[in-house]
Amino acid sequence: MSEIKNLKPECIWRNFYKLTQVPRPSGHLEKIQQFLLEFGKEAGVEVFKDPANNIVMRKAASPGMENRKGVILQAHMDMVPQKTPESKHNFETDPIEPWIDGEWVKAKGTTLGADNGLGVAAIMAVMEDKTLKHGPIDALITADEETGMYGANDLPENELQGDILMNLDSETWGKFVIGSAGGIDVTATLEYKEAETDPEDVAVKVTLKGLRGGHSGLEIHEGRANANKQMARFVREVIETEEARLVSWHGGNMRNAIPFKAEVVLTLPKENVDDLKQTVADWKELLIDEFKGIESGIEFYVEDVETPKTEVPEEIQDNLINAIHACHDGVVRMIPSYPDVVETSSNLAIIDIENGKAALKILARSSREDMKDYIVDTLDSCFSMAGMKVETAGSYGGWDPNPDSEILNLLLKEYKELFDEDGIVQVDHAGLECSVILGKYPWLDVVSLGPTMKSPHTTTERALIKTVEPFWTLLKKTLEDIPVK
């Protein structure tokens, strides 16, 4: 794996490789925080952990550039922990195994963590480089962005000292993001008393997996299959045709990732098992046909399992399945003024039903607060009809575009001069911490950029090697040309 460290620019890839060797899944950041604190001390810059568990570094201006506007370089330290079914990886203890596959850097059996490890690695490169020319620089490396933007939400209001915020969490080189969607976590829960299983019934486990999954912001519009929604179609049918009863359901594991796997345990009369197995085979062929050109690895199969003593009561089961089947998943609408960008969406991310408890977890996104309220109300109505308790948490607003941004126009100018092509300005449906930080520091001039990555939040996450060097070149040149106050 060490050949990763030899890629160009060496300063970023070397630091990125170091990051892959430090466990940093969301919610378990002690090791990466200690690593960054030690790095900052070795680099000779001011460094501390703030009350929100963010790591802040400060680098003084180069001689003669003290009068430049202050720049805040921002990225998040945590990564999404996804792994293939056969992987034995423990994200809390094991290093990521990056490898080079042609023009891409990937990871063996897991997410790579280029989201947002490449941004953090670029910040590290800036902090340790003694030859760069720049004004005063703050680095803000935030905690738990992927699970609720907790580090940004709890950021102290008097901590940052800059005038410009450059977020390094965008994922398409040559595109400069000036706006993003807000989001909110929606959770529907229900507790129930389990019913006794008919002693004459048998049990099966049905598994749907091999879907592409993906980022619930950047890839929600691509029509990828949601394992939970597709499983609901199947379960609803076999309840009606095969007298099946629901015992348990587990699908998805991250709110901001489209679920690529779901499994259910069902009971049913012994004489109906063969028909159910045929129905599974029929549904597999149907899904392969429906998602032709989008999904290529669909697996849908059934296994005999030991019959449990209890199951979900029939009325509760029917209400839950109907709610799952009916709740909105995917794009609600596009932005009228940016018709290629999703405005509002929801992702039915996680379902856990077992042992008398049901929990459905959704991430809803919108760049409009009224439409965010609308999709939340829609979901509330759906789940309330099933007798579920609906709660929301972690709400953050959208980032309103500013096409007249000074830092945006400087980046576009530098990009054109360096690479002889025009940069692209865009608004993203993915949630960025910029909106939260702007809520505390409304005077900041903000833009987001980064090298190209594909399929973040999945085990096929990959970083395009050839885009990292020009990203570094642009970042250095822009820091050198930051205007005076």
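A cavity is a set of grid points inside the protein where a 1.4 Å probe fits but cannot get out. Rolling a probe the size of a water molecule over the atoms shows where empty space is left. The model described here is a predicted one, and in this model the largest cavity has a volume of about 40 Å³. The count of cavities of 30 Å³ or more comes to one.

The lining of the largest cavity includes Leu19, Thr20, Val22 and Pro23, and also Met79, His89, Phe91 and Asp94. Sorted by class, this lining is made up of seven nonpolar, two polar and two charged residues.

**Aromatic rings**

The structure holds seven aromatic pairs. In one of them, the rings of Phe234 and Phe300 have centres 5.3 Å apart and planes at 75 degrees, and because planes over 60 degrees apart count as edge-to-face, this pair is given that name. Phe234 belongs to helix 5 (residues 227-241) and Phe300 to strand 14 (residues 299-305), so the pair ties together parts that are 66 residues apart in sequence. Both Phe234 and Phe300 are buried.

Another edge-to-face pair is formed by Tyr441 and Trp443, whose ring centres are 5.4 Å apart and whose planes stand at 75 degrees. Is each partner buried or exposed? Tyr441 counts as buried because its relative accessibility is 1%, whereas Trp443, at 53%, counts as exposed.

Trp173, Phe176, Tyr415 and Phe419 form one aromatic cluster. A ring can also have a charge for a partner, as with Trp104, where the charged end of Arg462 sits over the ring, 5.2 Å from its centre.

**Cysteines**

Why do Cys327 and Cys382 not form a bond? The sulfur of Cys327 has its closest cysteine sulfur in Cys382, at 5.5 Å, and because a disulfide needs the two sulfur atoms within 2.5 Å, this distance is too far for a bond. The count of disulfides comes to zero. Cys327 is buried, with a relative accessible area of 2%, and Cys11, at 16% relative accessibility, counts as buried too.

**Backbone features**

Most residues other than glycine have a negative phi, and most peptide bonds are trans. The table lists residues and bonds that depart from this pattern, with the place of each.

| Residue or bond | Backbone value | Place |
|---|---|---|
| Lys8 to Pro9 | cis, omega near 0 degrees | Pro9 in the segment before helix 1 |
| Asp115 to Asn116 | cis, omega about 10 degrees | Asn116 in helix 3 (residues 114-128) |
| Asn53 | phi near 70 degrees | loop between strand 1 (46-49) and strand 2 (55-59) |
| Asp144 | phi about 50 degrees | loop between strand 6 (137-142) and helix 4 (150-153) |

Asn53 is partly exposed, with a relative accessible area of 36%, while Asp144 is buried, with a relative accessible area of 16%.

**Distances along the chain**

Leu479 is found in helix 11 (residues 468-480), and at 2% relative accessibility this residue counts as buried. Although Leu479 and Lys69 are 410 residues apart along the chain, their C-alpha atoms are separated by 9.9 Å. Asn6 lies in the segment before helix 1 (10-20) and is exposed, with a relative accessible area of 58%. The C-alpha atoms of Asn6 and Tyr17, which are 11 residues apart along the chain, are separated by 9.9 Å.

How values were computed
Residues are numbered from 1 along each chain as its sequence is written. This is a predicted model: local features need pLDDT of at least 70, side-chain atom pairs count only at pLDDT 80 or more; totals for chains, interfaces and linings use all residues. Side-chain values use heavy atoms; hydrogens and water are left out. Buried means under 20% relative accessible area, exposed over 50%, partly exposed in between (1.4 Å probe, protein chains only). Rings of Phe, Tyr and Trp (its six-membered ring) pair if their centres lie within 6.5 Å; planes under 30 degrees apart count as stacked, over 60 as edge-to-face and the rest as tilted. Helices (H or I, at least four residues) and strands (E, at least two) are DSSP runs, numbered from the N terminus. A charge sits over a ring if NZ of Lys or CZ of Arg is within 6 Å of the ring centre and within 35 degrees of the ring normal. On a 1 Å grid over the protein atoms alone, a cavity is a set of points where a 1.4 Å probe fits but cannot get out, and a pocket is an open set with protein on both sides within 12 Å along at least five of seven lines; lining residues have an atom within 4 Å of a point. Grid points are joined across faces, edges and corners, and a volume is the space filled by probe spheres set on the points. Ala, Val, Leu, Ile, Met, Phe, Trp, Tyr, Cys and Pro count as nonpolar, Asp, Glu, Lys and Arg as charged, and the others, Gly among them, as polar.
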